Amino acid sequence: MTAADPLQATSPETIAGAATVPAPAAPPGPGVPPDVRTAGRRRRPSGEGPALPRELRRSGRFWIIGLALCAVFLAYVGIRGDHAVGISDLDAAVSRAFASIRVAWLTVIANALNWLSSDWLNLTLRWVAIAGLIYFRRLRHLVVFVGAFLLIGWMGSVLPMLLGRPRPFDVTTIGDWTGFSLPSAAVAALAATLLGIGFGFLPDGRWKIRWFYATDVVIVLLGLARIYLGVDHLTDAVVGACLGMGIMVLAFRFFCPESSFPVAYGSRGRSAHLDIGGARGAAIRHAIHDQLGLVVLDVKPFGLGASGGSTPMRIRVTDQAGAEFEVFGKLYASTHVRADRNYKITRAILYGRLEDERPFASVRHLVEFEDYMLRVMRDAGVNVAATYGFVEITPEREYLIVTEFLDGAKEISDAEVDVGVIDSGLAIIRQLWDAGLAHRDVKPANILVRDGRAHIIDVAFGEVRPSPWRQAVDLANMMLVLGVYGDPELVFERALRQFTPDDVAEAFAAVRGVAIPTQLRSEMKAKGGNTLAKFRSMVPARPPIAIQRWSIRRIGLTIAAAALILLALLLVIGNLQGAGLV
Amino acid sequence: MTLLTVVLAAALLSGCATAAAVRKVGVLCVPPAGRIETGVVLMAQAVPSARFVPCVDLYPAGWTLATFRVTRGEAVMSFDSDRGGAGALEVRFVQTCHPVGSSLPPDVLGAKGLHEFRVKSERLRQFDKEFGPTYQATRYYTFTGGCMIFDLRVTPGTESTLTTDAAIMVNLVPRASLAAQVAAAGFRL
């Protein structure tokens, strides 16, 4: 933080954009520790941008204007109808001027440059790029890359036919060409390919900027070469470059902005975690101040290794009274929701649906639900972190939920599992049952121990009024977690103080296979001793409860997935055939 | 709607729009007053040596232009027929070709339209064969600096009518005529 940063101020009243008079003290929100004063909240007035607006950047705005001008030009050409001759005076003059300087060596160079726009080279570059994006698991980049190409390819084939502009008159064409000339599909394709590679593979920074400048140079040279060879008019090349570059830039700016989907290599490259420095870091500070009334002093990543579905962080703040303390923040982005949805769909296809397991429709719903579940569970007396609410970073794209920081808490795998921990862990399940709730993701990473008591975190996948099966699975998983790190016999004995033998028998009749979280299965395997079998030998015998394996939904999903794969294959084959590669 | 859905929907819909765009390509032998049939001009630019250029006299009932692909040195038009099927007729226009098969007698049904140009009719050839469930016939029309190849693939039993249709539909326009149209606009073809 710089000295000029208004958020360095410890008093909310001195923060830029905040009221210049002291804001009235507001009562703490529900769940917030009563001694925390969170006045100074500020409503974002209509017309003011969010903390982290969708970024178009200068180049995005430039290309919006560029594409609009192209659209006007193409509409003008289309409406006039006599475009073959009417607007071509300037183009013809330029073409004649270029043709007048033709010499053998320049023709060789121009033809070599024109080769850059060949289908063969373009498709090779695209397939290599697609393979690279798959290798680096940049699915979002891949979809945007392919989608932009489909659009540009479609425009490159449809627009020329609609406009029907022949190749330049008055000159002899001495280079290769395909189809009508306006817009230049060849220039558009190469421009898009090179820019797409830049967006897909180069991290923000100097090399990316250099790549884009180099692309500009290549495209200008290609355009000049094609005018020289008499295959494109000046306006064909300009409009082609504008379409290819503009569509690719805007596609990435809108659907795959660098701040949300950064290109990174090494360990960061495959992580779902977002960068919380730079513009996003500043946005987090502003959002917490304006929406929660807390002044952020410091933000640090926290527990990244244990979190794949969000970006967790430790945030040092002061409240209005100047009290300094830490809170825990989890940044959710739309990518996390999509990853969760894809995971659940894949799991439903492979194993069958676990009842009532539905993906969230949006990141807003996810974060709203987690905040709600924290409040409901806390009201029910469950040991969960108190929530301060959540803040909007970018509407419908990024939200940050802020909770009490469980200072000094350890993951249960690092803590001593004594009777106190066992009782408090089982009490969590008892309280959930009594309140008609289920956590649905009871695993070692989600159980923290502080002051000899278990706390449960990550409640986003919780459920109100769950099925009996789901509640039974929660109990079994909690007992398995406690049994893996403690003594299974002691866990069983203590469980019978809070649950009936039938409850425990039902739990172990229900838990099997995919109902046990992956991390818990791995821990059981690593620790050996077959904790599950030990529990089953202790509980009263009961027939296993079947997991629903096949349903209409699973069959539909399987068929839909097969159809999508088939469609993708057809697109691939069609693309290859179109280029004569197969 | 997710980005993926948008992309897939766009990919599927784009095929319809492309088909509609092809039908807008101007390939008529006689252009509307004051206009240039740019599709024919583009084909003339593809094979600058040819003294004649393919064009469409009129579309018999049930025929539509399906694809139009022109590159330097070659132009290909394909036509759909409601009776003959998709791509029933493909017309390829190149500088040179190597006709095979027997010569087509001048009085053969379907050759009449092209005879009017008297384009070296002695080299008009036909190569017919039965190929599976499809009737296939290839005809070569050669003339100075160019060659037009008809490839008819239709449902057996319809070949007689559709061959006549094809010959009525596709004709040749002299390059000089196109050059005059372009010159009237102040340019040189």
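In this predicted model, a convenient place to begin is A:Glu396, which sits in the loop between β4 (387-394) and β5 (398-404) of chain A. Although A:Glu396 is not a glycine, its phi is positive, at about 60°. With 12 other C-beta atoms within 10 Å, A:Glu396 counts as exposed, because a residue with 12 or fewer such neighbours is placed in that class. A second residue of this kind is A:Arg465, found in the loop between β10 (463-464) and α13 of chain A; A:Arg465 is likewise not a glycine and has a positive phi of about 50°. Since 9 other C-beta atoms lie within 10 Å of A:Arg465, this residue too is exposed.

From these loops one may step back to chain A as a whole, whose secondary structure comes to 18 helices and 10 strands. Of the 582 residues in chain A, 44% are buried. Among the contacts in chain A that join residues at least 6 apart in sequence, 74% are between residues at least 24 apart.

The loop that holds A:Arg465 leads to α13 of chain A, and this helix, made of residues 468-485, meets helix α15 (residues 501-510) of chain A, the two axes coming within 8 Å and crossing at roughly 95°. At that angle α13(A) is roughly perpendicular to α15(A). On the side of α13(A), the contact is made by A:Trp469, A:Ala472, A:Val473, A:Leu475, A:Ala476 and A:Met479, while α15(A) contributes A:Asp503, A:Glu506, A:Ala507, A:Phe508 and A:Ala510. Sorted by class, the residues of this contact between α13(A) and α15(A) are nine nonpolar and two charged, with no polar ones.

Another pair of helices in chain A is formed by α6 (residues 185-201) and α8 (residues 234-255), which pack at an angle of about 30° with their axes 7 Å apart. Because angles under 35 degrees count as roughly parallel, α6(A) and α8(A) are described as roughly parallel to each other. The crossing of these two helices, α6(A) and α8(A), is right-handed. Residues of α6(A) that take part include A:Ala185, A:Val187, A:Leu195, A:Gly196 and A:Phe199, and among those they meet in α8(A) are A:Ala237, A:Gly240, A:Met245, A:Ile247 and A:Phe252. By class, the contact of α6(A) with α8(A) comprises 16 nonpolar and three polar residues and no charged ones.

Between α5 and α6 of chain A runs a loop that contains A:Pro183. A:Pro183 is joined to A:Leu182 by a cis peptide bond, with omega at about -10°. As for α5(A) itself, this helix has 25 residues and reaches 35 Å from its first C-alpha to its last, close to the 36 Å expected at 1.5 Å a residue. Most of α5(A) is covered, with 18 of its 25 residues buried. Just after α5(A) comes A:Gly164, which takes a positive phi of about 60°.

The discussion of α5(A) leads on to the place where the two chains touch. The contact takes 29 residues from chain A and 31 residues from chain B. Two helices of chain A, α5 (139-163) and α18 (552-578), each supply at least two residues of the side that touches chain B, and α5(A) gives the most to that side, with 10 residues. By class, the side of chain A that touches chain B has 18 nonpolar, six polar and five charged residues.

Chain B has a secondary structure of five helices and nine strands, and 35% of its 189 residues count as buried. One residue that links the two chains is B:Lys24, placed in the loop between α1 (3-22) and α2 (38-46) of chain B; leaving out residues up to four places away in sequence, B:Lys24 touches A:Met161 and A:Leu162. B:Lys24 counts as partly exposed, because it has 15 C-beta neighbours inside 10 Å. Elsewhere in chain B, B:Gln181 lies in helix α5 (residues 175-184), and its 21 C-beta neighbours inside 10 Å are the reason it counts as buried. Beyond its neighbours within four places in sequence, B:Gln181 is in contact with B:Pro31 and B:Ile36; the C-alpha atoms of B:Gln181 and B:Pro31 are separated by 9.4 Å, although the two residues are 150 residues apart along the chain.

Technical notes
Residues numbered from 1 in each chain as written. Chains lettered and ligands numbered in written order. Predicted model: local features only at pLDDT ≥ 70, side-chain atom pairs only at ≥ 80, totals over all residues. Axes fitted to C-alpha atoms, helices over the stretch in contact; angles between N-to-C directions. Helix = DSSP H or I, 4+ residues; strand = E, 2+ residues; numbered from the N terminus. Parallel < 35°, antiparallel > 145°, perpendicular 65-115°, else oblique. Contact = placed C-beta atoms within 7 Å. Nonpolar A, V, L, I, M, F, W, Y, C, P; charged D, E, K, R; others polar. Buried ≥ 20, exposed ≤ 12 C-beta atoms within 10 Å, placed from the backbone. Expected span 1.5 Å × (residues − 1). Left-handed = near helix turned anticlockwise from the far one by under 90°.
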